[in-house]
Amino acid sequence: MEGTNTVILPTTLTAAGIAALINMWLGLRIGQTRTREKISVGDGGNESLVRRMRAQANFIEYTPVVLVLIAAIELAKGPSTWLWIVAGVYMLARVAHAIGMDGNGKARGGGILITMLTMVGLGIYAIAIPHLSAGQISAPAADETAVEAVPQG
């Protein structure tokens with residue numbers, strides 16, 4: 001649309017797209033186990049199914065917060081190489097965690113560690129941005145064409 005300012009957050013959009021694909025993959029893994037074990041509802045007490053369900057639940061517990069932090073930082077500071085790297089490493093860590101839930105303890109532990117470091121690091125940086133930018137943040141310029149005079153009565 002002409003005259004419209006569009007903000008594109010390439011790191012966030014890419015990370016969100018990858019997250020959607022990972023979440024789908026996690027769901028498919030659950031479906032495969034359900035089919036193989038003939039369990040349509042719940043977990044049927046099947047440890048493999050419980051592990052895969054927890055891997056997906058864990059993914060959806062952490063990923064929305066990480067995506068919000070990535071978006072907020074990208075919006076505040078713009079896209080950067082380090083943010084791309086953090087987003088990519090985080091997504092790889094979530095895949096490692098899911099694989100680790102099938103019994104590979106090192107992959108699971110690495111996934112957990114990277115997830116925690118990512119959340120803490122992004123969280124601290126998000127908190128720091130407005131404080132480190134003190135005096136450098138200015139209010140957006142008013143778009144006078146968007147404001148109409150209201151007749152006084």
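**Thr33 and the helices around it**

Thr33 is buried (under 20% relative accessible area, 1.4 Å probe, protein chains only), because its relative accessible area is 0%.

Q: Which element is Thr33 found in?
A: Thr33 sits in helix 1. Helices here are DSSP runs of H or I with at least four residues, numbered from the N terminus.

Q: What does Thr33 touch?
A: Leaving out residues up to four places away in sequence, Thr33 touches Asn46, Ser48, Leu49 and Arg52. Contact means heavy atoms within 4.5 Å.

Q: Is this model predicted, and what limits apply?
A: The model is predicted: local features need pLDDT of at least 70, side-chain atom pairs count only at pLDDT 80 or more, and totals for chains, interfaces and linings use all residues. Residues are numbered from 1 along each chain as its sequence is written, and side-chain values use heavy atoms, without hydrogens and water.

Q: How many helices and strands in the chain?
A: The chain has 4 helices and 0 strands.

Q: At what angle do helix 1 and helix 3 cross?
A: Roughly 5 degrees, for helix 1 (residues 10–37) and helix 3 (residues 81–100), with axes that come within 10 Å. So helix 1 is roughly parallel to helix 3 (angles under 35 degrees). Axes are lines fitted to C-alpha atoms over the stretch in contact, with angles from 0 to 180 degrees between N-to-C directions.

Q: Which residues meet there?
A: Helix 1 residues including Ile18, Ile22 and Trp25 meet helix 3 residues including Trp84, Met91 and Val95.

Q: New topic. What share of the chain is buried?
A: Buried residues make up 31% of the 153 residues.

Conventions:
Helix = DSSP H or I, 4+ residues; strand = E, 2+ residues; numbered from the N terminus. Parallel < 35°, antiparallel > 145°, perpendicular 65-115°, else oblique. Buried < 20%, exposed > 50% of the residue type's maximum accessible area, 1.4 Å probe, protein only.
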